[in-house]
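Q: I have a structure to look over and would like to go through its sheets, a helix residue and the cysteines. Could you walk me through it?

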Amino acid sequence: EAVRFVCASVEELFISSEKNWNIFELSSFNRLCIENANSWVHHLGKKKKAYHGMGTTLCTLLFHERSLIYGHVGDSRIYRFRQGILEQLTEDHSLRNQMIAQGQVEENSSHNYPFKNVLTRAIGTQSEVDAEIHVAPVSPNDIYLMCTDGLTDQVSDHVIAQILSQSPDIKTASTNLILKANDEGGQDNVSVLMIKASEQEIDVK
């Protein structure tokens, strides 16, 4: 529901308006879409008994000229793979991450932390949500990976980078990442979405 709401909002914006949006306006709009999606999912949780207490994570990517606007809530991640180097662009909104930041848990010993999947932010669990929105430059051949913790709980960043380097295209890479997570005993839903920036996509028209 959250993803459908955000996609429909962005699509409606560009169909209904001929305005040339700048990066700051689009960043604000992206935040508003996520906040509205949160309100809608929260409303469904109160209205329908089957949806009571439900929540979800959310990642968004919006390309604009030579830039990328990315947003997220929860512990699903956005990575950038550029010139053989994998970088995590988002920070998990999890109790584990919060305790690492507060110095209560050491990062190297936190993988077996019993509450590592407890979220500090999620879509739909509260009436309001604080979405993180950032802007980054895009380079030709950048690969952007959005994934759930079903992947990152089972496959390390080092192995993800290896698979991206060794795969001939992003479709094959996506399949190989899912297979690797399942081979490692994947116990959760594994969702993977990848986008590759081409020369044409980042050229300013």
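A: Two strands are said to pair if DSSP finds at least two bridges between them. Bear in mind throughout that this is a predicted model.

Q: OK, so over how many bridges do β2 and β5 pair, and in which sense?
A: Strand β2, residues 67-73, pairs with β5 in the antiparallel sense, and the pairing runs over six bridges. Within that pairing, Y70 has H134 in β5 as its bridge partner.

Q: And what sheet does that belong to, in what strand order?
A: The order is β1-β2-β5, an open sheet of three strands with antiparallel pairing. Its edges are β1 (58-64) and β5 (132-137), each of which pairs on one side only, and from one strand to the next the twist averages 20°.

Q: Which helix packs on it, and at what angle to β2?
A: Helix α2, residues 23-47, packs on this sheet and touches β1, β2 and β5, while its direction makes about 20° with that of β2.

Q: Switching to the other sheet: how many strands form it, and in what order?
A: Four strands form this open sheet, in the order β4-β3-β6-β7 and with antiparallel pairing. Here the edge strands are β4 (85-88) and β7 (192-196), each pairing on one side only, and the twist from one strand to the next averages 20°.

Q: How many bridges join β6 and β7?
A: Strand β6, residues 143-147, pairs with β7 in the antiparallel sense over five bridges, and the bridge partner of I143 in β7 is K196. Helix α6 packs on the sheet, touching β6 and β7, and its direction makes about 155° with that of β7.

Q: S174 caught my eye; where does it lie, and is it buried or exposed?
A: S174 lies in helix α6, which spans residues 170-183, and S174 counts as buried because its relative accessible area is 14%, under the 20% cut-off.

Q: What does its side chain reach, then?
A: The side chain of S174 reaches the backbone oxygen of I170 at 2.9 Å. Leaving aside residues up to four places away in sequence, S174 touches V192 and M194.

Q: Last topic: how many disulfides does the structure hold?
A: The structure holds zero disulfides. C59 is in none, and its nearest cysteine sulfur, that of C147, is 7.6 Å away.

Q: Why is there no bond from C147 to C59?
A: Because the sulfur of C147 is 7.6 Å from that of C59, its closest cysteine sulfur, the two are too far apart for a bond, given that a disulfide requires the sulfur atoms to be within 2.5 Å. Both cysteines are buried, with relative accessible areas of 17% for C59 and 3% for C147.

Methods:
Residues numbered from 1 in each chain as written. Predicted model: local features only at pLDDT ≥ 70, side-chain atom pairs only at ≥ 80, totals over all residues. Heavy atoms only, no water. Helix = DSSP H or I, 4+ residues; strand = E, 2+ residues; numbered from the N terminus. Buried < 20%, exposed > 50% of the residue type's maximum accessible area, 1.4 Å probe, protein only. Polar contact = N/O pair within 3.5 Å; in protein donor to acceptor, adjacent residues only side chain to side chain. Contact = heavy atoms within 4.5 Å. Axes fitted to C-alpha atoms, helices over the stretch in contact; angles between N-to-C directions.
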